[in-house]
Amino acid sequence: MQHESPQPSRRRLLTGAVAAAAALVPLGTGLAHAAPHRSRGALRAAYPDVHWTPAAAANFTAANRPEQYAIDRVIIHVTQETYADTVEIFQNPKKGVSAHYCVRSADGYIGQFVREKDVAWHAGNWGYNTRSIGIEHEGWVDRPQWFTDAMYEQSALLTAAICTRYGIPRDRTHIIGHVEVPGTDHTDPGPYWNWARYMDLVQAA
């Protein structure tokens with residue numbers, strides 16, 4: 001597979017997935033444990049609770065970041081699917097798509113699917129994939145009710161922790177939407193994503 005070229009459209013891959021059973025990602029189950037890649041000490045403590053739910057190995061590129069590729073971006077996505085369907089898609093080795101994290105709408109629960117050292121296939125642009133952390137958010141770009149207080153708050157804590165870990169400036173040059181990736185055909189996170197509020201939360205975290 002030529003990972004240097006853009007991956008297939010995420011929206012095409014995410015659309016039409018069979019609904020996953022809700023039991024895939026209940027809170028408090030054995031699926032939830034600390035992500036294994038994080039270092040000990042203050043930086044680890046800065047992360048909100050994340051729950052390791054690995055993507056299929058066929059859906060990302062194993063790497064050794066930031067030594068192999070510098071990390072200087074966080075890319076914000078909206079799934080156009082439910083959280084449960086997104087889990088199923090990332091775990092299906094035929095889909096060829098993944099993100100490092102996904103934030104659930106109702107409660108801000110954060111699933112981690114790809115270790116930060118590895119390259120998730122989320123941006124549709126290989127250069128941006130290698131340099132970024134991708135964060136999906138459950139919902140639809142034209143349904144603002146999915147963008148809950150819990151989602152904004154937990155996602156902002158996660159983004160702030162990532163920025164601290166890699167020395168990424170907490171600004172809109174380095175925290176971008178999928179729509180801002182060169183060559184993309186995506187519009188997420190869309191017109192209802194409240195960037196002013198989100199950036200205030202990131203900067204205050």
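## Close-up views of the predicted model

**View 1. In the register between two strands of this predicted model, Ile76 faces Gly177 of β8 as its opposite residue.** Strand β3, which spans residues 73-76, is joined to β8 in the parallel sense, and three bridges connect the two strands. A further position in this pairing is Val74, whose opposite residue in β8 is Ile175. With β7, strand β3 also pairs in the parallel sense, here over four bridges, and Arg73 stands opposite Ser132 of β7. The side chains of β3 alternate in direction, with Arg73 and Ile75 pointing one way and Val74 and Ile76 the other way, although all of these residues are buried.

**View 2. The open sheet comprises six strands, arranged in the order β1-β5-β4-β7-β3-β8 with mixed pairing.** Its edges are occupied by β1 (51-52) and β8 (175-177), each of which has a single partner strand, so one side of each is left without a neighbour in the sheet. In the chain as a whole there are six helices and eight strands, and these follow one another along the sequence as α-α-β-β-β-α-β-β-β-α-β-α-β-α. Of the contacts between residues at least 6 apart in sequence, 76% join residues at least 24 apart.

**View 3. Helix α5, residues 149-166, lies across β3, β4 (101-103), β5 (110-112), β7 (132-137) and β8.** The direction of α5 makes an angle of about 175 degrees with that of β7. Helix α6 (residues 195-204) also packs on the sheet, where it touches β3 and β8 and runs at about 155 degrees to β8.

**View 4. The largest nonpolar core holds 29 residues, of which Tyr101, Ile162, Ile175 and Tyr198 touch the most other members.** Two or more residues of this core come from each of β3, β4, β7, α5 and α6, and α5 gives the most, with nine residues. Once neighbours within four places in sequence are set aside, the contacts of Ile162 are with Tyr47, Val74, Tyr101, Glu116, Ile133, Ile135 and Ile168. A second core, separate from this one, has 13 residues, including Phe60, Phe90, Ala99 and Ala120. Across the 205 residues of the chain, the buried fraction is 53%.

**View 5. Val114 is located in the loop between β5 and β6 (119-120).** With a relative accessibility of 1%, Val114 counts as buried. Apart from residues up to four places away in sequence, Val114 touches Trp52, Ala55, Phe60, Ser98, Ala99, His100 and Ala120. The C-alpha atoms of Val114 and Thr53 are 8.3 Å apart in space, while the two residues are separated by 61 residues in sequence.

**View 6. Helix α3, residues 83-90, has seven of its eight residues buried, so it is largely enclosed by the rest of the structure.** The buried residues of α3 are Tyr83, Ala84, Asp85, Thr86, Val87, Ile89 and Phe90. At the start of this list stands Tyr83, which has a relative accessible area of 2% and is therefore counted as buried, the limit being under 20%.

**View 7. Eleven aromatic pairs are found when the whole structure is searched.** One of them joins Tyr83 and Tyr109 in an edge-to-face arrangement, with 5.8 Å from centre to centre and 85 degrees between the planes. Tyr83 belongs to helix α3 and Tyr109 to the loop between β4 and β5, so the pair ties together parts that are 26 residues apart in sequence. Like its partner, Tyr109 is buried, with a relative accessible area of 4% for Tyr109 and 2% for Tyr83. Elsewhere in the list of aromatic residues, Phe147, Tyr152, Trp193, Trp195 and Tyr198 form one cluster, and of these Tyr198 is also among the residues with the most contacts to other members of the largest nonpolar core.

**View 8. Confidence in the predicted chain has a mean pLDDT of 84, with 78% of the residues at 70 or more.** Over residues 1-45 the pLDDT is below 50, and in the model this stretch has 88 contacts beyond near neighbours in sequence.

Note on methods. Residues numbered from 1 in each chain as written. Predicted model: local features only at pLDDT ≥ 70, side-chain atom pairs only at ≥ 80, totals over all residues. Heavy atoms only, no water. pLDDT = per-residue confidence, 0-100. Contact = heavy atoms within 4.5 Å. Pairing = 2+ DSSP bridges. Axes fitted to C-alpha atoms, helices over the stretch in contact; angles between N-to-C directions. Buried < 20%, exposed > 50% of the residue type's maximum accessible area, 1.4 Å probe, protein only. Core = buried A, V, L, I, M, F, W, Y, C linked by side-chain atoms within 4.5 Å. Phe/Tyr/Trp six-rings, centres within 6.5 Å; stacked < 30°, edge-to-face > 60°.
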